[in-house]
Amino acid sequence: MRPSKRLISDRSVVAVLVAVAVAGLAFDNGGYGDVAVAILAIATWAGAGACAWVLRPEPPTRPVVLAAAALTGLLLLSVASMAWANDAGRAFAASERVAAYLGLFLLAVVTLPRSGPRPWLTGLAAGIAIVGAAALASRCDPALFGGGDRFLYASLPSAAGRLSYPVGYWNGLAAILAIGVVLSVWLSEAAQTLLARCFGVALMPAAWLAIYLTSSRAGFAAAILGGLVVVGLGRNRASRAVGAGIGGLGGIALIALARGSSGFLAGADTAAARHYGLAVAAATLAVGLLAGVLRRVAEGRVAPDAMRLDRRLLAVLAVLAGLVAFVAADPATQLHEFERPDFSAPGLTAGQRPLLSASGSGRFQFWTAAVDAWESSPVHGVGAGNYELYWNAHPGGPVAIRNAHSLYLETLAELGPAGLALLLLFLLAAPVALWPRLRDRGSDELAVAAALLLAGLVSAAVEWTWQIPAALAPVIVGIAVLATAGPARERARVRSLGSRAAVAALVVLGWAVVWSGVVVLVSERSLADSRAAVDRGDLVAAAADARRAASLEPFSADPQIQLALVELDAKQTAPAQAAAARAVDLASGDWRTWFVSLEVAGVARDQGRIHASLAELRSLLPVPLGSLVRG
């Protein structure tokens, strides 16, 4: 009797799970919140442990060991920084994010040898395609998805017109879409069926339009550079270049159409903008279909060696082109423009800021503050997650920010040279080890993995995509694909390096990560319950919930802030003063603790405390005091 074929293969399950995970993270504000990070940490570590138990993977390659050791070191250093950080609660939250990324890396390296890279890459492409479709739909019809970006524009006028839904941050969405472009270029030639190859090309025009609507220069740069790497390192460069060219021309056509309505570009919720949005939606579908048809026509008509050129000649031409562009750009003027403070760019909507503008939107000031923060503590930095506090005390402009808009400089500021070295080792160990194979175009999967990494490195250099798991997860998968591609002889060497001790250490670390993730979930739930109890007038329950959160995270100022506010509403001045004092002790560099201390002192009519709190509050606020509103 012949065995029946399975309707759904293991690889299909992997692809679906990856697609759902990526889309789910993106729709949850990119996974930015503490709850989303905790869930990701628990899920990835539990999944990695379960898969390792069932699959019994072979000993890891040397790049896997180096990358995992580097990220583990970064995690331990982040946890250790709780001892010297001004706000240990922020350091704990930053450590949880690193733990989630380590769990994702381990999950990938455990399952990749069994499933192969293709299901992971296909799942990433599918998930990002869903995100891109939702983003464009929210612009074409602003009434969809609860209003899309309208609430963001109301709270942050400088973001008006910049497509951000569902991630909540335009540059974060652009970073995700750039990776989608890279994967689409790969699918346009490497997909196993002709229909899938045509579909890969059909996705590109919409992705380019969505990136344009974010008005993200970093997004365009990441997509272009990543696409060039996929084409240059792939086996059939000519066919892949044709697919990328068709998709790019389709994107240019859609961008030209979108520029025909200022209301559409601004994301206005008017009848005219909605009408034009429907026209753009129809055109997007039509252009995508046409791009797929053109890819079908081009199938088999491009010779595999049509782009076979001498690499040294290409390198010389690239260097010459770079020098010409550098001189033509007038670097002195461009540098001056970059250094000029420009934090909000009021009145500019998507498409109105030139993509070649040298304006840094305040990044020069953000980066300068990061370097200054490192110089203030050159050995170990100011502590994980504590860059915001340094900026608040030493602002380079009247703006409140949380991140330095550069992963590398922020890591240097928060964890010192050791932290930066560990981060770079994690990011670069695998591609450096695999460079000979990449150079010889040995695998299409390795080529796209390298392109994902490059796109992620570009975005992380000028944005805070490290804090957005939906944007960083594909980069980690790319690193895992490269790391697991080491030769078999390296696995035998690793086998003799104390693998049992390493496994035992990972098991202990995994239990610690899962435990800490549960602590975060329960603590955040308790704080949410406390706020809900305040809204319904049950101050006794609100205080109990706040105390529960404080007992779970005694190092965090947030539960103490909530407890102080609850006790203040209950007219319990003495307990409110005690909670406010504990909050200040836990995070004396956080203006919020001094703001609550000022409120409590005002009710208690403690003049000395009022003056002291007010002085500290003013010294830690990068914005005018009158802009603060409790709520």
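I will go through three places in this structure: a surface patch, a covered helix and a histidine in a loop.

Please keep in mind that this is a predicted model, in which local features need pLDDT of at least 70, side-chain atom pairs count only at pLDDT 80 or more, and totals for chains, interfaces and linings use all residues. Residues are numbered from 1 along each chain as its sequence is written, and side-chain values use heavy atoms, with hydrogens and water left out.

Let me begin with L289, which sits in helix α12, residues 271–298, helices being DSSP runs of H or I with at least four residues, numbered from the N terminus. Because its relative accessibility is 60%, L289 counts as exposed, that is, over 50% relative accessible area, where buried means under 20% and partly exposed lies in between, with a 1.4 Å probe and protein chains only.

Now to helix α24, residues 558–569, whose twelve residues should span 16 Å at 1.5 Å a residue, and whose end C-alpha atoms, 17 Å apart, agree with that; the expected span is 1.5 Å times one less than the number of residues. Ten of the twelve residues in α24 are buried, among them P559, Q560 and E567. Just after α24, K571 takes a positive phi of about 65 degrees.

Finally, H405 lies in the loop between α16 (387–393) and α17 (407–433), and it counts as buried because its relative accessibility is 11%. Leaving aside residues up to four places away in sequence, H405 touches several residues, including Y169, W367 and E463, where contact means heavy atoms within 4.5 Å.

Note on methods. Patches are made of residues with over 30% relative accessible area and no salt bridge: like charges are joined within 9 Å, nonpolar side chains (Val, Leu, Ile, Met, Phe, Trp, Tyr) within 5 Å. Accessible areas come from the Shrake-Rupley method with a 1.4 Å probe; for residues, only the protein chains shown count as cover. A salt bridge is a side-chain nitrogen of Lys or Arg within 4 Å of a carboxyl oxygen of Asp or Glu. Helices (H or I, at least four residues) and strands (E, at least two) are DSSP runs, numbered from the N terminus.
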